[in-house]
Structure formats: structure tokens, C-alpha cells
Amino acid sequence: MDIILKIAEELQVKKYQVEAAVGLIDEGNTIPFISRYRKEATGALNDEQLRILSERLVYLRNLEEKKEQVIATIREQEKLTPELEAQILAAETLVVVEDLYRPYRPKRRTRATIAKEKGLEPFAEQIMAQKMSIPVEKAAEAFISEEKGVANVQEAIDGAKDILAEQISDVADYRIRIRQMTAKEGMVSSEAKDDSADTVYSLYYHFEQPIAKMAGHRTLAINRGEKEKILTVKVAPPKEKVLTYLEKQIIKAPRLNMAGLSNMMQNAKAATVTAQANPYTTPVLREVIEDAYDRLIAPSIEREIRNDLTEKAEEGAIKVFGKNLEQLLMQPPVAGHVVLGWDPAFRTGCKLAVVDATGKVLDTAVIYPTAPQNKVAEAKVVLKKLVDKYGITLISVGNGTASRESEQVIVEFLKEIKKPVQYVIVNEAGASVYSASKLATEEFPHFDVAQRSAASIARRLQDPLAELVKIEPKAIGVGQYQHDMNQKHLGEALSGVVEDCVNKVGVDLNTASAPLLEYVSGITKTLAKNIVAYREENGRFTDRKQLLKVAKLGPKAYEQCAGFLRIRDGKNPLDATSVHPESYEAAEKLLDALGYKPGDLNGGGIPGIAKKITNSAQMAEEFGIGEMTLIDIAKELEKPGRDPREEMQKPILRSDVLEMKDLKPGMVLKGTVRNVIDFGAFVDIGVHQDGLVHISKMTTKYIKHPLEVVKVGDIVEVTVLSVDIAKKRIQLTMIP
């Protein structure tokens with residue numbers, strides 16, 4: 001298999017693009033580096049394409065390795081034919097390779113191997129040859145042997161049938177066809193073990209759907225229900241069709257001359273070819289075929305179908321999780337505010353942390369405005385002191401337990417103080433994971449867990465990306481069924497999303513924490529710690545080249561990371577941009593050619609510089625760089641260190657509160673998309689309980705997935721359809 005060509009076809013790109021990308025990956029370059037600084041080589045493949053390419057490259061290389069191992073093993077057994085070798089080499093999936101290898105794989109002791117030991121293989125071959133002129137029972141007498149453990153005719157027949165059943169189950173072509181038939185025409189069903197129980201799986205108590213139409217979220221739901229022993233899940237194959245197919249492949253009809261064919265056509269009872277087959281062996285073979293299918297083929301095909309459905313569902317869910325995570329990480333920073341982080345709770349009190357505009361924690365406190373203490377007046381006194389002392393302009397409230405009650409206290413308080421202070425409800429998913437982590441302990445050694453959580457809730461509003469990278473991506477809670485997935489695959493995919501986001505935004509070398517630096521292209525956990533240690537020992541970085549003085553950071557790591565690390569107010573103005581040091585000479589030539597110098601960047605860039613380039617191709621050739629690189633340099637010189645998050649919608653700042661009982665059908669509200677799933681999106685409309693916009697209520701156009709219309713963080717206008725206070729359900733629509 002030509003791996004390069006195969007990937008190019010799958011990605012619908014040119015072969016040279018894949019060839020270049022594979023070469024760069026093999027040289028140890030990271031995806032963000034290739035995407036940003038090797039556009040000419042790859043034809044500007046983006047990070048998403050490159051990650052898919054990288055995954056397929058690993059899979060296809062493993063596939064080729066498996067093929068070589070299988071061919072070598074079969075060759076050692078002296079059973080490799082040119083036809084079989086060609087089939088193995090042409091296989092496009094590991095499943096097909098396993099199918100082809102099955103007959104030659106060393107087997108554990110089976111009913112068939114026991115029958116072979118009893119000398120029944122020649123008898124099985126006679127039955128399969130379908131040329132018997134005597135009843136099978138009569139032929140079996142020759143194989144009765146006390147010495148070999150065959151006591152009677154029935155034992156001989158049963159043993160031969162076991163051998164044939166295993167042989168049939170090992171034929172790769174049969175398995176491939178049966179798998180296709182089952183996937184195309186089979187059904188998935190689930191039943192409740194106790195349908196009187198009220199559980200979240202009630203929708204799947206008597207559920208049935210074609211395998212071909214099975215939605216990913218349904219697969220994951222029934223898998224979880226089965227795991228929790230609430231549901232029984234089955235795959236119902238088109239058994240009759242499968243048996244008919246196998247009979248056509250296995251049971252031979254005698255050759256008919258023209259007269260025989262004419263007689264057969266005239267005889268309505270002899271309508272099928274199999275009816276003309278050997279009368280002695282055909283009934284036995286039909287039994288063998290059914291046994292082979294029921295006992296040996298169907299159970300493994302069912303497992304494979306279930307695994308395939310699960311893999312596809314997980315792949316889809318991970319993709320949605322990744323998109324949601326990307327949008328959450330790329331939320332615009334709410335800069336320039338002194339923020340009060342509020343971690344709500346009941347019995348233990350609400351923990352507060354005052355954080356200045358740079359993220360430094362100035363003060364902490366605990367108040368008890370919620371049940372059971374209900375010390376609202378005392379809480380307001382503490383809040384007023386903090387607002388007056390630190391000039392707080394924004395309160396960031398976690399959306400967990402007691403959030404609703406805390407919000408009511410905040411709104412009352414804001415009305416009383418009459419100062420320009422607003423509040424935001426933030427998704428606190430993962431805050432507790434972070435606050436109990438070793439990292440949080442190192443960062444806030446004198447704070448308890450809840451105080452750390454309050455500081456994190458404040459900071460994730462000020463700079464979501466810098467704060468959220470401290471939390472394991474899958475703990476951030478913007479997906480569905482994340483705990484039921486392959487955790488390794490999920491972790492790798494989400495880490496890739498975080499890496500892409502961090503490198504798109506860029507990192508301030510002099511303020512970045514070690515967890516943030518870890519996601520920078522080319523920087524390992526050890527290098528991140530070494531950079532922070534160097535900074536603490538030697539003071540702030542003034543030049544990107546100083547990175548080469550960091551312990552264990554060599555030329556390759558420098559090449560990969562330098563362009564993504566920013567130094568503000570350093571020796572070279574280009575160090576504050578995403579221009580890579582390898583292109584500094586070209587950038588300086590460009591500035592000079594257009595009548596500028598590097599110092600002109602210190603005022604915040606040179607507006608309109610890109611428009612002054614009259615012939616980018618010619619200029620790129622003169623400077624010895626690619627045209628795409630030249631255009632990127634010009635864009636960066638216009639607005640050095642531009643933050644792509646600035647283009648995203650800012651969160652809704654609130655100063656009043658709604659309650660669920662205030663909602664009425666027809667009410668139009670603005671809300672923030674908190675989570676996108678396969679069947680819709682959850683929207684925060686300021687009533688503590690997120691409302692659901694079903695996929696059918698998003699737009700009048702046909703869409704396959706909600707991500708075509710909305711993403712996490714979007715501000716959307718919704719209309720209330722219905723409110724169920726008892727079940728805490730709000731149905732919304734985005735269709736006016």
C-alpha cells in the first residue's frame with residue numbers, strides 16, 4: 001500500500017503535501033510548528049488536517065507492520081500462496097488482516113482440534129467434497145475407533161461437523177461479507193432488566209434501531225446502561241440472509257446438461273439450485289453452516305459490530321469535545337478588571353478570592369450568606385469592604401452548588417452599593433480538580449482547597465486559556481460520556497486541542513506558568529520547569545536567544561518553540577511577534593524595503609504595511625523565503641502578537657437575576673452556549689439551570705450536527721418553549 005497516496009486521497013489533498021508533512025513529522029517537528037512555519041512545504045495544511053494525517057500515518061504504518069508479521073508467520077508454516085499474500089497486502093484495515101490470518105493463527109484446544117486428534121479430518125473432507133453415494137451414517141462407520149475415542153456413528157458425525165464448522169468460520173471472505181450484511185441490515189436493541197425502575201435510561205428500555213442509522217450518542221448511552229447493569233443490549237443480524245449466502249457458497253449443485261436444466265426449469269419444486277445438491281451431505285452441511293454461524297461467527301461479528309459502533313461514537317464524541325474545548329479555551333480574556341472570585345457553597349460557606357488585573361491574589365475571605373447559616377447581612381458587610389478596598393469591578397461566580405442562592409445575594413448587594421460592579425456566572429468544571437492538585441498546592445501553599453478554587457474561578461474569567469491549561473482537559477466538562485471512552489485516545493486528542501490553542505495565541509515568556517509552557521511547541525514538562533527556574537534565577541528574558549541557555553533546551557527545541565514565545569519590551573522588537581527568528585533577516589529586509597525599521601514596531605505595529613507590498617512573489621524570492629511566509633510576516637508586523645481570541649464574543653455581564661419560575665413560554669432572552677452535544681446545545685440564560693435547544697430548534701435548514709450552527713461561548717438569542725420546574729428542564733428555540 002502506498003501510505004502517502006492513501007492519506008492524500010482520504011484528506012483530498014495533493015500527494016506532495018502529505019509527503020512533505022510526513023517528512024517533517026518524522027524529523028521530529030511538532031504539528032503547531034509545521035502548521036505555522038512550514039506552509040510552503042505542506043501547501044498550508046492546517047493543524048486539524050495535520051493531526052488527522054498524523055493519526056492515519058501511525059495507523060497505516062502499524063497496518064503495514066502487521067501485514068509483514070502475518071505474511072512471515074504464514075510463510076514459516078509453508079502455507080503462503082501468491083493469492084493469499086496479495087489479499088493480505090491489499091487489506092485496508094487491521095480487521096481484514098486478522099480475518100485472513102485467522103485460519104493460520106495458533107489455536108487453543110477446540111472441539112475441532114479434539115475431533116482432528118480422533119482422526120476425523122478425512123471424514124470431514126469427504127462430507128465437504130459432497131460426492132457421497134451412501135448415507136453419511138454409513139460412511140461414518142469406517143471412522144469408529146475405540147483406540148481413538150470414537151465410540152459410535154453419532155460421535156464420528158459430530159466430530160466431523162465440528163471440524164467443518166471451524167473451517168467455515170475461518171474463511172475470511174465469508175466473515176467480511178457477513179460483517180457487511182450485518183452492518184447494513186442488522187438491528188441494535190436494548191431492553192431494561194427492570195422496566196419499572198425510573199432511571200435516565202428509560203428511553204432505551206424497549207429500544208431498537210438499524211445498525212446503519214445508530215447515532216453516536218445513543219451507542220454511548222446504551223453502552224453505559226449495559227455497564228451499569230440496567231440494560232441488556234443485543235445485535236440482531238439478518239440471520240436468514242446470512243445462512244442463505246453461506247449455503248450458496250458452500251453447498252454445491254451438480255453440473256446440469258441442457259436436458260437436465262430444461263427439466264429443472266419445468267419442475268416448480270426444483271426452483272433452487274441447492275435442491276439439486278448431494279442428498280446425503282446437504283442436510284449435514286446445512287446443520288454445520290448454522291452451527292458455524294451461531295456458535296463461531298455471529299458472536300465475534302456482534303462484538304466487532306459493537307466495537308465498531310463504539311469506536312465511531314467515541315471518535316465523534318471526542319471530535320465534539322475537542323471543538324467545545326477549543327471554543328472554551330479561546331474565550332476572550334476579560335482584561336483590566338479587579339475580579340472577585342466566588343466559589344459558592346452551603347454549609348461550609350462561600351469562599352472568596354480578590355484577584356488583581358494581572359492575576360495576583362490580593363485577599364481571600366469566607367462568607368455564609370446561604371443555608372443553613374443565612375448570614376446575608378454579615379456577608380454584605382464583608383463584600384462592601386472588599387469592593388471599597390480593592391476597587392472590584394467584576395464578580396466571577398462558579399456555577400456549582402449554591403450558585404443560584406449566591407447570585408441572588410450578589411444582585412441584592414449590587415443594587416444596594418450602586419457602584420459599576422457586574423457579575424458573570426462561569427463554568428467551574430475542573431476547578432475542584434485543579435484546587436486539589438499538586439500544582440495548586442505549589443502555587444497557593446497557604447490556601448485551603450476552596451480558596452484555591454475561588455482564585456481559579458476569578459482567573460479563568462481574566463484569561464481562560466492560561467488558567468484552564470492547569471486542569472486535565474477531560475475534567476473541563478464540555479463533552480458527553482467522556483468517562484466511558486478510551487481514556488488514552490481522549491487524553492491525546494484533547495491535549496492536541498490545548499496545544500493548538502496555546503500556540504495559536506502565543507505565550508508571554510516572562511509571565512507564563514510551567515503548565516502553560518508545557519503546551520508550547522517543542523517544550524516538555526522538564527523544559528517548562530527549567531525555563532521557569534532560569535527566569536527565577538536570572539530575571540526576565542530580554543532576548544529569545546537566551547532560551548538556548550536554559551538547561552536541556554537545545555537547537556531543535558529552540559527551533560520548535562521560539563516563534564510561539566513572546567518577549568515584550570525586549571532587546572529586539574521582533575521578539576514580541578510570532579515572526580520566527582529564522583525569518584528575522586527577511587522581516588528586517590521587508591521593513592527596510594518599505595521604509596521602516598524594527599523600532600517602529602514598538603508603538604503597537606505598522607498599520608497598512610501589508611497593502612504596501614506590490615509583488616509578494618517577487619519580494620519573497622528576493623528575500624529567500626516563501627510567499628506565504630512573507631504574507632504572514634507582513635500581517636504580524638501590522639499587529640504584533642495579535643490575539644485571535646479578540647475576535648470571539650465576550651461573555652454576558654449581568655447585574656440582575658432571573659429565576660426559573662419567572663420564565664414564561666414566548667419569553668425572548670440572550671444566553672451563552674455552555675455545551676454542544678450531538679442532539680443539541682445547552683444555553684445559560686441566567687437562571688442557574690441551562691436550557692436545551694434541540695437540534696431541530698436551531699435553524700429551519702437541515703443540519704447534521706449542532707456544531708454547524710453554534711459553538712461553546714456563542715451569545716445566542718433564544719425563545720422559551722416550555723419550563724418544567726419539577727424536573728428542572730427548560731426547552732428553548734433559536735428559531736424566531
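Modeller: Pro372 lies in the loop between β6 (361-367) and α17 (376-390), where helices (H or I, at least four residues) and strands (E, at least two) are DSSP runs numbered from the N terminus. This is a predicted model, in which local features need pLDDT of at least 70 and side-chain atom pairs count only at pLDDT 80 or more, while totals for chains, interfaces and linings use all residues. Residues are numbered from 1 along each chain as its sequence is written, and side-chain values use heavy atoms, without hydrogens and water.

Biologist: What makes the peptide bond from Ala371 to Pro372 worth listing?

Modeller: The bond from Ala371 to Pro372 is cis, with omega near 5°. Most peptide bonds are trans, and most residues other than glycine have a negative phi. Gln130, not a glycine, has a positive phi of about 60°; Gln130 sits in the loop between α9 (121-129) and α10 (136-140).

Biologist: How do you know that α1 meets α2, and through which residues?

Modeller: Contact means heavy atoms within 4.5 Å. Ile4, Leu5, Ile7 and Ala8 of α1 meet Lys15, Val18, Glu19 and Val22 of α2, so these residues count as in contact. The contact has six nonpolar, no polar and two charged residues (Ala, Val, Leu, Ile, Met, Phe, Trp, Tyr, Cys and Pro are nonpolar; Asp, Glu, Lys and Arg charged; the others, Gly among them, polar).

Biologist: At what angle do the axes of α1 and α2 cross, and is the crossing left-handed or right-handed?

Modeller: The axes of α1 (residues 3-11) and α2 (residues 15-26) come within 8 Å and cross at roughly 120°; axes are lines fitted to C-alpha atoms, for helices over the stretch in contact, and angles run from 0 to 180 degrees between N-to-C directions. The crossing is right-handed.

Biologist: Why are β14 and β15 called a pair?

Modeller: Two strands pair if DSSP finds at least two bridges between them. β14 (residues 715-724) and β15 (residues 729-733) have five bridges, in the antiparallel sense, so they meet the rule. One bridge joins Thr719 to Thr733 in β15. Five strands close into a barrel in the order β11-β12-β13-β15-β14, with mixed pairing. The twist averages 50° from one strand to the next.

Biologist: What makes a space a cavity rather than a pocket?

Modeller: On a 1 Å grid over the protein atoms alone, a cavity is a set of points where a 1.4 Å probe fits but cannot get out, and a pocket is an open set with protein on both sides within 12 Å along at least five of seven lines; lining residues have an atom within 4 Å of a point. There are two cavities of 30 Å³ or more. The largest cavity has a volume of about 340 Å³ and the second largest about 90 Å³, a volume being the space filled by probe spheres set on the points, which are joined across faces, edges and corners.

Biologist: Which residues lie nearest the centre of the largest cavity?

Modeller: Leu328, Gln331, Val426, Asn427 and Arg674, out of 23 lining residues. By class, the lining has 15 nonpolar, four polar and four charged residues. In the second largest cavity, α29 gives the most, with four residues.

Biologist: Which helix gives the most to the lining of the largest pocket?

Modeller: α16, with 14 residues. The largest pocket has a volume of about 2500 Å³ and is lined by 50 residues, with Glu55, Arg56, Glu311, Glu315 and His489 nearest its centre. The lining divides into 18 nonpolar, 12 polar and 20 charged residues.

Key:
A crossing is left-handed if the near helix is turned anticlockwise from the far one by less than a right angle, and right-handed if clockwise.
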